[in-house]
Structures are given as structure tokens and as C-alpha cells.
Amino acid sequence: MRFQKFSALVPAVLALVIVSCAVSSFDPNTGEVRASASSSSLVSQGIREFDKMKREKRISQDPAHNAQVQRVASHLKSVIQIPNARWEFVVFEDPTPNAFALPGGKVGVHTGLFQITQNDAGLAAVLGHEIAHVVLNHSQQRVNQATGVALGTVLLDTVLSANGADKSTRAVAATGAAAAGTVGLILPYSRKAELQSDQLGTLYMARAGYNPEESIKLWERFSAWRIKKGESESPEFLRTHPLDQSRILALKNFLPTAQREYKPR
Ligand SMILES: [Zn+2]
């Protein structure tokens, strides 16, 4: 009798654990995404940090770069659902090849990225990947995995690196965050998170009308750029997005799936 009562409880307890871990999943066979929305505090923090960045960093006035980003953004937005997104795409003057997406639909592109993206499809590959991290709620997962008290530290690192802070500045900031009772999360996304974002990002670009094959070329250009520059000069983007042959191979294996959803414009 007592045992029966206990076993009846097990499913309820499991359900609780699953809900509290904010599980997100992505089925690469169907393209189906099940993700809990980013928490409202993470969203408002993303929006706040982005506003701050717009005040403090130089915004590019280059007409060609801005037109390209807005053009690619409009096609991507039409195929990506983020509940209550307040989409905004801004080009920042910064020579490091980097792009980032924050909860709330705030996306930044550095002028240094264009040498690597080279065309609309290349840019769509990077932005699709970054936005996939937001859709799949990977920042929230990193926060949850830490201790639950680290809310915002992930964003702090994203923001500092987007502002070109060097490693030591960021280490000091992380120490400060740790002293304040949070945990430094100067961590790359997990391999699994990177793979999911590569796949979902490639689906997004295909649905938006860009040939998904271009994503392979883009990541190969990024990889070649890093080899040329050397590990020590590797920008934040490549430290938080470890790029190796196995990652590119996994994307190649996924290509037939993405091709099925490709609608050339
Ligand atoms: Zn990534």
C-alpha cells in the first residue's frame, strides 16, 4: 500500500523536475522545436543591455552593410517565431568578426564580420545560428545549469565580449560577479547546443530562401580565418563557438534535410 502511494508520486515528481529545468529540444528530422520561452527577466535584461550598447558603441552608418543586414533580417524574421520578440538588428563599428543575439530578439553585427560572411547567404547563416541559440533558450540553460543565481552573468559576458573587452577585463568582471553571489560563466556553449544551433540556423536560412550549402562555406571561411590569425588572436566568437572539422562534418550530414526546406527566392 505504502509502495503504491510512492510509485504514484513518481511521475508527478519527474514532471516537476522536467519543468523546472526548462528543457528545450530540437528534432533535426522534423525541424520541430520545443523550447520554453526565455524568462521575462532574461528578456528585459537582454533589451536593457542592447540599449546600453547602442549608447556606448559606435553604430555603423555604412549604407551597404546596413541595407544587407536589414534585408537578411526581414527574410529571417518571416520564418522565425520568438514570442513577444522586439526585433532589432544593429551594425556596430568593430573590427572583430562577431555577431550576437540576445533574448528579446536584439541582434548585433560587427562591421568586422562582413569580410567573412561575404554575401547575404553567409550573413543569414551566422544570424540564423545566433538566433537559434535564443529560440532554443541556450542562455537560460547555461544559467539554470550553473546554480540558478547566475542570471545575467551569461549576458554580462556576451556584452563584454561584444564590446571588445579583453580576457583580463572579463575575468575581473566575472570575479566581481562571483563576489556578488553569482557564478562566472565564461563558457562556450556545449557541443550539443552548437550542433542544434547549426542545424536549426541552417533550416532557418533555407526557409528564408538562402541556399543552405552556403552555411558550410561560411563556417569553412571562419575556420580558415582562424587558422590564418592563430589561436591567440581568435576573437570571442570563435572561443565561444569552437569550430572544428567534426562540427562542419555534422553540418554536412544535415545538409540534405535543410535542402528539402530550401525555397530559392
Ligand atoms: Zn553558437
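Me: Two residues are in contact if their C-beta atoms, placed from the backbone, lie within 7 Å. Going by that, which residues is H110 in contact with, leaving aside its neighbours within four places in sequence?

Reply: This is a predicted model, and in it H110 has contacts with F92, D94, T96, P97, N98 and A99. H110 itself belongs to strand β5, residues 106-110. On C-alpha positions, H110 and V91 are 5.8 Å apart, with their places 19 residues apart along the chain.

Me: Why does H110 count as buried?

Reply: Just count neighbours. The cut-off for buried is 20 or more other C-beta atoms within 10 Å. H110 has 22 C-beta neighbours inside 10 Å, so H110 counts as buried.

Me: And G201, what makes that one buried?

Reply: Same kind of check. G201 has 27 C-beta neighbours inside 10 Å, and the threshold is 20 or more, so G201 counts as buried. G201 is located in helix α9. Apart from neighbours within four places in sequence, G201 is in contact with A125, G128, H129 and A132. The C-alpha atoms of G201 and A124 are 8.4 Å from each other, at a separation of 77 residues along the chain.

Me: How do you know whether α5 is parallel, perpendicular or oblique to α9?

Reply: Start with the angle. α5 and helix α9 (residues 191-207) pack at about 125°, with 7 Å between their axes. Roughly perpendicular stops at 115 degrees and roughly antiparallel needs over 145. An angle of about 125° falls in between, which means α5 is oblique to α9. The crossing of these two, α5 and α9, is right-handed.

Me: Which residues in α5 and α9 meet?

Reply: From α5 you get A121, A124, A125, G128, H129, I131, A132, H133 and V135. From α9 come A193, S197, D198, L200, G201, T202, Y204 and M205. Sorted by class, that contact of α5 with α9 has ten nonpolar, six polar and one charged residues.

Me: What makes α3 oblique to α5?

Reply: Helix α3 (residues 63-77) and α5 pack at an angle of about 55°, and their axes are 10 Å apart. Roughly parallel needs under 35 degrees, and roughly perpendicular begins at 65. About 55° fits neither, so α3 is oblique to α5. The α3 and α5 crossing is right-handed. On the α3 side are Q68, V69, R71, V72 and L76, and they meet D120, L123, A124, L127, G128 and I131 of α5. By class, the contact of α3 with α5 comes out as seven nonpolar, two polar and two charged residues.

Me: Now α10 and α12: why is α10 roughly antiparallel to α12?

Reply: Helix α10 (residues 213-229) and helix α12 (residues 245-260) pack at about 170°, their axes being 10 Å apart. Anything over 145 counts as roughly antiparallel, so α10 is roughly antiparallel to α12. The contact involves E213, S215, I216, W219, E220 and S223 of α10, and I248, L251, K252 and L255 of α12. Those residues of α10 and α12 split into five nonpolar, two polar and three charged.

Me: Which residues have the most contacts inside the largest nonpolar core?

Reply: They are L76, A124, L127, I131, V135, Y204 and M205, in a core of 44 residues. Helix α5 (residues 120-135) gives the most to this core, ten residues. Take L76: not counting residues up to four places away in sequence, L76 touches A124, L127, G128, I131, Y204 and A208.

Me: Back to burial. Is Q118 buried, exposed or partly exposed, and how do you know?

Reply: Q118 has 14 C-beta neighbours inside 10 Å. Buried needs 20 or more and exposed means 12 or fewer, so Q118 counts as partly exposed. Q118 is in the loop between α4 (114-117) and α5, with a positive phi of about 65° although it is not a glycine.

Me: What makes N137 buried?

Reply: N137 has 23 other C-beta atoms within 10 Å. With a cut-off of 20 or more, N137 is therefore buried. N137 is in the loop between α5 and α6 (138-146). Its phi is positive too, about 60°, although N137 is not a glycine.

Me: How many helices and strands does the chain come to?

Reply: Twelve helices and five strands. Of the 265 residues of the chain, 38% count as buried. Among contacts between residues at least 6 apart in sequence, 73% join residues at least 24 apart.

Conventions:
Residues are numbered from 1 along each chain as its sequence is written. This is a predicted model: local features need pLDDT of at least 70, side-chain atom pairs count only at pLDDT 80 or more; totals for chains, interfaces and linings use all residues. A nonpolar core is a set of buried Ala, Val, Leu, Ile, Met, Phe, Trp, Tyr and Cys residues joined through C-beta atoms within 7 Å. Helices (H or I, at least four residues) and strands (E, at least two) are DSSP runs, numbered from the N terminus. Axes are lines fitted to C-alpha atoms, for helices over the stretch in contact, and angles run from 0 to 180 degrees between N-to-C directions. A crossing is left-handed if the near helix is turned anticlockwise from the far one by less than a right angle, and right-handed if clockwise. Ala, Val, Leu, Ile, Met, Phe, Trp, Tyr, Cys and Pro count as nonpolar, Asp, Glu, Lys and Arg as charged, and the others, Gly among them, as polar.
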